[in-house]
Amino acid sequence: MTQALFISFEGIDGAGKSSHVEGLAKAFQEQGRAVTVTREPGGTPLAEKLRTLALNDPMDPLTEALLMFAARRDHLAQVIEPALARGDVVLCDRFTDATFAYQGGGRGFDWEVLAQLEQWVQSKPTRGLRQPDITLLFDLDPAIAAQRLAGARVPDKFESQPTEFFARVAHGYDQRVAQDPARFARIDADQAREAVWADVLAAIRRKGWLP
Ligand code: TYD
């Protein structure tokens, strides 16, 4: 069986990651790979309901973190683990790094509690934690991201946060990279779309996962 792959996409709102998820799905499909495209919070009927609550209703930071991990648990059990067991390429628009960045960095919620929830939710039956094989982190200055978001659509609870919030989110991502640098590929998102795409492709090719 071909090697299952778990690839996550991360970055602050406005960094433009989502448009490259579809591009990468197509590139893998052209190689004959089965691809599961999904997102967090969400990816299952239950997790999508939790997404609607988490992205719209005011709540305290622990409630928010618990909803993110509850959604993740259902998503892992129903979609991600079965897809990986089949040997799929799983492309996930955000995963746990977003919880550390947004709830930990942005909201200032306790990093250690998040690490405990991560252990509970992502422990594999055999041993170790389920983590992406690679995380593409789209880097963009929060001020530029704010300009890109302005007027684009009706903002949700996070998108309407001030630039300082996103500076803290970016710092949260940096902390996650520092804890596990080998898992991350940083993508400079302050470039033309084609140049960003070329960097995405290069990061996956360096791993030997695409020709
Ligand atoms: P996003 O991925 O940007 O989707 P869209 O482009 O459709 O809006 O939206 C998800 C939002 O949820 C984003 O603002 C980040 C936030 N989020 C968290 O706060 N914690 C998490 O654990 C995850 C997965 C997302």
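**Figure 1. The whole chain, element by element.** Starting at the N terminus, the protein chain of this predicted model goes β-α-β-α-α-β-α-α-β-α-α-β-α. That makes eight helices and five strands. Lay the C-alpha trace along its principal axes and the chain spans about 45 × 40 × 30 Å. Its radius of gyration is 16 Å, and a compact globule of 211 residues would come out near 17 Å, so the two agree.

**Figure 2. The ligand in its pocket.** Where does the ligand sit? You'll find the ligand in the largest pocket. A shell of 16 residues surrounds the ligand, and the closest are Asp13, Arg94, Thr99, Tyr102 and Gln103. Sorted by class, this shell holds eight charged, six nonpolar and two polar residues.

**Figure 3. Helices that build the shell.** Which helix gives the most to the shell around the ligand? That's α4, with four residues. Helices α2 (45-56), α3 (61-86) and α4 (96-106) each put in at least two shell residues.

**Figure 4. Polar side chains facing ligand oxygens.** Zoom in on Arg94 and you'll see an N or O atom of its side chain 2.7 Å from an oxygen atom of the ligand. Arg72 also has a polar side-chain atom by the ligand, 3.3 Å from one of the ligand's oxygen atoms. For Glu159, the distance from a polar side-chain atom to a ligand oxygen is 3.3 Å. As for cover, on its own the ligand has 550 Å² of accessible area, and the protein covers 90% of that.

**Figure 5. Arg94, a loop residue with an unusual backbone angle.** Here's Arg94 again, this time for its backbone. Arg94 is in the loop that runs between β3 (89-93) and α4. Its phi is positive, about 80°, even though Arg94 isn't a glycine. For context, most residues other than glycine have a negative phi. Arg94 is also one of the residues closest to the ligand, and its side chain comes to 2.7 Å from a ligand oxygen.

**Figure 6. A cis peptide bond before Pro41.** Which way round is the peptide bond from Glu40 to Pro41, cis or trans? It's cis, with omega near -10°. Most peptide bonds are trans. Look for Pro41 in the loop between β2 (35-39) and α2. Helix α2, at the end of that loop, is one of the helices that supply at least two residues of the ligand shell.

Conventions:
Residues are numbered from 1 along each chain as its sequence is written. This is a predicted model: local features need pLDDT of at least 70, side-chain atom pairs count only at pLDDT 80 or more; totals for chains, interfaces and linings use all residues. Side-chain values use heavy atoms; hydrogens and water are left out. A residue is near a molecule or strand if one of its heavy atoms lies within 4 Å of it. A polar contact is a pair of N or O atoms within 3.5 Å; within protein, one must be able to donate a hydrogen and the other to accept it, and residues adjacent in sequence count only if both atoms are side-chain atoms. Accessible areas come from the Shrake-Rupley method with a 1.4 Å probe; for residues, only the protein chains shown count as cover. On a 1 Å grid over the protein atoms alone, a cavity is a set of points where a 1.4 Å probe fits but cannot get out, and a pocket is an open set with protein on both sides within 12 Å along at least five of seven lines; lining residues have an atom within 4 Å of a point. A molecule sits in a cavity or pocket if more than half of its atoms lie within 2 Å of its grid points. Ala, Val, Leu, Ile, Met, Phe, Trp, Tyr, Cys and Pro count as nonpolar, Asp, Glu, Lys and Arg as charged, and the others, Gly among them, as polar. The radius of gyration is taken over C-alpha atoms; the globule rule is 2.2 Å times the number of residues to the power 0.38.
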